[in-house]
4 protein chains.
Amino acid sequence: MKAAIIGVTGYSGIELVRLLDQHPYVTIQSVHSSSQVGILLSESYPHLVDHITFDLDEINTANIAKEVDVVFLATPSGIASKLAVELHDLHVKVIDLSGDFRLQDPDTYETWYKKTPASTTYLEKAVYGLSEWNKENIATSDFISNPGCYPTATLLGLAPLVREGLIEESSIIIDAKSGVSGAGRNASLSTHYAEINENLKIYKVNQHQHIPEIEQVLSSWNEKVNTITFSTHLIPMTRGIMATIYANVKAPDLTTEKILDLYNQCYEDKPFVRIRQNGEFPSTKEVYGSNYCDIGLTYDERTGRITIVSVIDNLVKGAAGQAIQNLNIMMGIDERTGLHRIPVFP
Amino acid sequence: MKAAIIGVTGYSGIELVRLLDQHPYVTIQSVHSSSQVGILLSESYPHLVDHITFDLDEINTANIAKEVDVVFLATPSGIASKLAVELHDLHVKVIDLSGDFRLQDPDTYETWYKKTPASTTYLEKAVYGLSEWNKENIATSDFISNPGCYPTATLLGLAPLVREGLIEESSIIIDAKSGVSGAGRNASLSTHYAEINENLKIYKVNQHQHIPEIEQVLSSWNEKVNTITFSTHLIPMTRGIMATIYANVKAPDLTTEKILDLYNQCYEDKPFVRIRQNGEFPSTKEVYGSNYCDIGLTYDERTGRITIVSVIDNLVKGAAGQAIQNLNIMMGIDERTGLHRIPVFP
Amino acid sequence: MKAAIIGVTGYSGIELVRLLDQHPYVTIQSVHSSSQVGILLSESYPHLVDHITFDLDEINTANIAKEVDVVFLATPSGIASKLAVELHDLHVKVIDLSGDFRLQDPDTYETWYKKTPASTTYLEKAVYGLSEWNKENIATSDFISNPGCYPTATLLGLAPLVREGLIEESSIIIDAKSGVSGAGRNASLSTHYAEINENLKIYKVNQHQHIPEIEQVLSSWNEKVNTITFSTHLIPMTRGIMATIYANVKAPDLTTEKILDLYNQCYEDKPFVRIRQNGEFPSTKEVYGSNYCDIGLTYDERTGRITIVSVIDNLVKGAAGQAIQNLNIMMGIDERTGLHRIPVFP
Amino acid sequence: MKAAIIGVTGYSGIELVRLLDQHPYVTIQSVHSSSQVGILLSESYPHLVDHITFDLDEINTANIAKEVDVVFLATPSGIASKLAVELHDLHVKVIDLSGDFRLQDPDTYETWYKKTPASTTYLEKAVYGLSEWNKENIATSDFISNPGCYPTATLLGLAPLVREGLIEESSIIIDAKSGVSGAGRNASLSTHYAEINENLKIYKVNQHQHIPEIEQVLSSWNEKVNTITFSTHLIPMTRGIMATIYANVKAPDLTTEKILDLYNQCYEDKPFVRIRQNGEFPSTKEVYGSNYCDIGLTYDERTGRITIVSVIDNLVKGAAGQAIQNLNIMMGIDERTGLHRIPVFP
């Protein structure tokens, strides 16, 4: 299978290059960018020297569609929508890593993204690519909207309890923390080394565009879920997301063991989700560079509240890795193909 | 005023040395440790070379009490209780930075600290040194139990709302994050550089000994507060604590502006608490090396929930700085004396 | 004494604010910037909230000169030269932290800085402010060119051996390492967090503008010194410079002890230089936030070569701290005034 | 091919697990440790949960030799020598990652390692596994002594110039920098997070045990090379080594271009060494997690000196990766097998 990557010079794009390089059935055919066209990709990313020898191509959807079977869009929100529509109409498979097709309601998109939404026609065509919980729809789709990094960690952490209706729907609070690579490669004061190192910040409080994405999926699983509280913190590290999730448990006779049983059952046949034993919690380094989502949890009888910890590598399971997992599902092959790696530790 | 520091070789002890070195009315008379007696303190801490020329003395409370007016105890919990009692009986002022006299109920101490509690007689004598909210008692005391680092950030962040009864008492969730210096100087796998760097961990979920300390103070302010949910995360940085606090607001007509007015009013005459403007939140670096506690908050009408962010330097306002602030209050001088410094930024 | 700071929004400027805030005899009268005029300085630097309440003023040298006794120039090279000349002609003391008046030869400046040099008249007026080795000239000057950060660490490390002619003049190699704050506050890919963290880079190999500055001073001490080899590395940390210096020793009967005796003798009356004992070397954290320069060294009989390690905080002894030390010398007061602080550790 | 790993609980051992997991022709048969026998390896390293399900076995060389074709020894120096001898006598291939068989002279070993050396008989049998420069001997050996991390970076950086006799033999200075994972997983004050973070240290000046290893190889290439100056610095990062190498060039008509031509020619058929273009230098992140050694260099006409920068991932090319590369060479297969990965960036 031949693939093109548009927006390859961002961190998600370059992570697609790293991961696809080891995929046995997918070949990168071309890489595209809106700037630096004609230069070697490795001039911008010297870690690729000698290993990847592509020049950066312009973004011409007609030409691209002639040459490849699938296009990964790793462009910013607001740009992807136009490209995705063109490519879809040219009958090439599209996996969009931006936020442009995640929200089904165009008004909600406009409110949270402050950009023009895609047309409803195409919003309806795009299938939300949360691999573990939408596998059947993904398998038959040719247009995937890849989930956001925070929603991936959060939704995988909450799915069993929300789907089973075991927590008070209005009590969900997600305190999320992310490494800085999630902010992309564009230099700014807010990602300037001396401002981030040895520092800890909260940002976009109650205003993050991933809030409606999480709410949309949770309410699709359980219509009683309405709003959530969601905060994002910037951690002085490059990769990794942790979602620490709090909720009040409905059933008073639940125990940590029973909830862990439920999680183990739900994720038994989902190879990239690993549930920790009672008393153990994952750290972000334990999924570093891999497509795993690791989950630990505990129920506190004193407060009647559960604490769930869900960690991913934001560039892998939170972006490029899940995109490839979705392609595997679309291709009908083992979803682990090219992704079944041990995390880099330490 | 002459001071001794017992347990000087820990990070809180050494921070007392740094801060007292600039205090105009306090002189360090001697420094004490249970190990390395007789060697220069600067052999263990070369940043003190030529500047501080004390030898480490043994811990002999009778001798110490003869020479000084006040003793800072920076020893671990479980050790401080014995020393504090001896020193108090020798009529020297005591400021204990450990957890040994913070919990009024010995059984609670035993449950959470897994150690033998101090006797009730002395637990009653010790005054809880949350400077901003217990100033009158501190001023007349000669035996201070200095608050924990997490409780300091949390309680200062919650005080106005809890004291005014404006939040649902059972809805308080604190997602706390700390730099690694809070774990002290003893080497262990959990503070090993390669295990912490580029990593993010949660620890002691629902089991941290600061939980009962926070609950005790909150319920003393508002008897309806019973239990809280409190989590602690280890951030790959050396100094700094952030408490991100969530709670449901009772009064539906509250706004962020009104709550900020309340906070500004409550903290008007408290020089080390700085309230940020609407829409702004503090980061830990903004209080680095200083005794400030900076607070930002926002009320979300969508969820009816407030998010409060409170940051401190765990070694200063969370330990040595607040101890000196308390000594200033005991001495009847401006509480800022020797502490009125600009944070180190960047 | 009243002071103005021009270019206050850079890291050196803001460090001047932090340090002068504790100076007993100097008052900051005004702070100036070419942008953001009229806003509060603390909007740009929230760590100053409530503590420093200056608005940013425009840069009008005539007005500034009327109000103050001394001006600190913390502007970039190329801009300082014009301002310094104007202020000097207006008979106000000037301490320039840029590189504009460090090189006596205008052609050398043009070659290494790629900018228009200051006029020879003013280059001759400016006194090079390496406090420890030019104290007499500084004391009688009203126009100081403050040394670069790398030259400060390097020259203090080399001075005794070069002045005594004990090393082969052509054998000097300096492998320098710096934290990222030295690159200033302007965001760029080269200081983007995700590109620096968990990474180690060399930069400007053989091309750093501090090379001719070091060579100029070394050859003024010992005319046989001609060229040096000097490399600079970017370390994933915010503050700190280490210069690891290598040179062949001339006298075959020298020992580490003898050389340490020489260093101790040379720096006996220089309070900010601390010489470590035989077998010990300083790390950058041991001078963090302070004006100290710590030096360790060892002579290797196997190779006939000496290794000298010299560390400073690049923003203090490498910039703002040394500037204030020079002002103290100009004022005829103890050079430690306002600077005699213990480093922040850990 | 079946492999056992002894000393698997150290960072080099665990990196062998990560890399061998993707090797198409090698299967890990068992993993061994002197402690924690009987527990799951993933209890000690939770990043392996569900992925690697080995229990830790005891170290019984007779039993191990029966089951496997090759044993990787990732034990500390001083322990490996005994095990390697036993395993070699049991006719199993041995790849020793410790320093025990690197130095041909037992006295030199004793001087620098302060331990009992292996017997001369076995020291002579062991082949030094610097893959790029000893390929023929490795191919026919069944007992490999894997090079140290610093020697690997240094020797690959120096080989062309030293072998061609183009630099003054007594002028070689190596200023090496390493991430902290090189110190292993044993907790100590010197690898305690709060002592390393935001800090920069030099250590073992002129005393590092890799000095005689480097000298031994250099003098085998060019007998005129006798002693070198070699320093090691601890960088606040987990992985990565940079060797910055300085030497005086003999031939006055050399240019950077000519030297780069030589390097490109020497390393043309060596797939893991990448030579940067004129004016470009590698950073450690550009080889992160990979088996690459990237080299950049420049000749300075002002000083007649060359500066060479060589970077590796200390746990891959500096340990586990090169060990597998050597196994590939012993097996007669493409040396890139299982190792041909793109570095993890950012």
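**Chain A and its contact with chain B**

Trainee: What percentage of the 346 residues of chain A counts as buried?

Mentor: This is a predicted model, in which local features need pLDDT of at least 70 and side-chain atom pairs count only at pLDDT 80 or more, while totals for chains, interfaces and linings use all residues. Residues are numbered from 1 along each chain as its sequence is written, chains are lettered from A and ligands numbered from 1 in the order in which they are written, and side-chain values use heavy atoms, with hydrogens and water left out. Buried means under 20% relative accessible area, with a 1.4 Å probe and protein chains only, and of the 346 residues of chain A the share that counts as buried is 68%.

Trainee: What radius of gyration does chain A have, against that of a compact globule?

Mentor: The radius is taken over C-alpha atoms, and the globule rule is 2.2 Å times the number of residues to the power 0.38. For 346 residues a compact globule would come near 20 Å, which agrees with the value for chain A, 20 Å.

Trainee: How many residues of chain B are in contact with chain A, and which three supply more of the buried area than any other three?

Mentor: Taking contact as heavy atoms within 4.5 Å, 47 residues of chain A are met by 47 residues of chain B. Buried area is the accessible area (1.4 Å probe) that two parts lose on being put together, summed over both, and for these chains it is about 3,900 Å², 56% of it on carbon and sulfur atoms. Of the area that chain B buries against chain A, 19% comes from three residues, B:Glu198, B:Leu200 and B:Arg302.

Trainee: How many helices and strands are there in chain A?

Mentor: Counting DSSP runs, with helices as H or I of at least four residues and strands as E of at least two, chain A has 12 helices and 14 strands.

Terms used:
Buried < 20%, exposed > 50% of the residue type's maximum accessible area, 1.4 Å probe, protein only.
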